[in-house]
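Me: I'm new to this structure, and I'd like to learn how to read it. Could you walk me through a few features?

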Amino acid sequence: MTIAVVFDSAGTLLRTYRAAKDVFAGTLLGDVESTTLTFDDADRILVLLNVHSENVMQGDSDQLLSAFLK
């Protein structure tokens, strides 16, 4: 089976998948809710960046996401 990932705000989605990546293990975690994932550990925080995805993708590949917080 092949799955295409589409970000759609027009209301035509057939299915919604939520996932997070464990960057240490390199694995994907399915059916993850970001708020629940955050509240599972007191040392975790949820950061939402007010930046357009195109600005991130077109940025310097060496630039850290934390640069968008400034």
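Reply: Sure. Keep in mind that this is a predicted model. A good starting residue is Ser66, which sits in the segment after helix H2 (53-57).

Me: Is Ser66 buried, partly exposed or exposed, and why?

Reply: The trick is to look at relative accessibility: under 20% is buried, over 50% is exposed, and partly exposed is in between. Ser66 comes out at 40%, so it counts as partly exposed.

Me: How far is Ser66 from Leu49 in space?

Reply: Here you compare two kinds of distance, along the chain and through space. Ser66 and Leu49 are 17 residues apart in sequence, and their C-alpha atoms are 9.2 Å apart.

Me: Which residues line the second largest pocket?

Reply: Ser66 and Leu49 turn up together again here. The lining is made of Val47, Leu48, Leu49, Val51, Ser53, Val56, Leu65, Ser66 and Leu69. The volume of this second largest pocket is about 300 Å³.

Me: How many residues in that lining are nonpolar, polar or charged?

Reply: For this you sort the lining residues by class. The second largest pocket has 7 nonpolar residues and 2 polar ones in its lining, with no charged residues.

Me: Let's move to another spot. Where is Ile45?

Reply: Look in the loop between helix H1 (34-39) and H2, and you'll find Ile45 there. Its C-alpha atom is separated by 9.1 Å from that of Thr35, and the two residues are 10 residues apart along the chain.

Me: Why does Ile45 count as exposed?

Reply: Use the same kind of reading as before, with over 50% as the cut-off for exposed. Ile45 has a relative accessibility of 69%, so it counts as exposed.

Me: Which residues make a nonpolar surface patch with Ile45?

Reply: Ile45 is joined by Val47, Leu49, Val56, Leu65 and Leu69 in a nonpolar surface patch of about 540 Å². Val47, Leu49, Val56, Leu65 and Leu69 are also among the residues that line the second largest pocket.

Me: Now the whole chain. What order do the elements run in?

Reply: Read from the N terminus on, and you get β-β-α-α. That fits the count for the protein, 2 helices and 2 strands.

Me: And what share of the residues counts as buried?

Reply: Of the 70 residues of the protein, 4% count as buried. The accessible surface adds up to about 7,000 Å², and 55% of that belongs to carbon and sulfur atoms.

Terms used:
Residues are numbered from 1 along each chain as its sequence is written. This is a predicted model: local features need pLDDT of at least 70, side-chain atom pairs count only at pLDDT 80 or more; totals for chains, interfaces and linings use all residues. Side-chain values use heavy atoms; hydrogens and water are left out. Helices (H or I, at least four residues) and strands (E, at least two) are DSSP runs, numbered from the N terminus. Buried means under 20% relative accessible area, exposed over 50%, partly exposed in between (1.4 Å probe, protein chains only). On a 1 Å grid over the protein atoms alone, a cavity is a set of points where a 1.4 Å probe fits but cannot get out, and a pocket is an open set with protein on both sides within 12 Å along at least five of seven lines; lining residues have an atom within 4 Å of a point. Grid points are joined across faces, edges and corners, and a volume is the space filled by probe spheres set on the points. Ala, Val, Leu, Ile, Met, Phe, Trp, Tyr, Cys and Pro count as nonpolar, Asp, Glu, Lys and Arg as charged, and the others, Gly among them, as polar. Patches are made of residues with over 30% relative accessible area and no salt bridge: like charges are joined within 9 Å, nonpolar side chains (Val, Leu, Ile, Met, Phe, Trp, Tyr) within 5 Å. Accessible areas come from the Shrake-Rupley method with a 1.4 Å probe; for residues, only the protein chains shown count as cover. A salt bridge is a side-chain nitrogen of Lys or Arg within 4 Å of a carboxyl oxygen of Asp or Glu.
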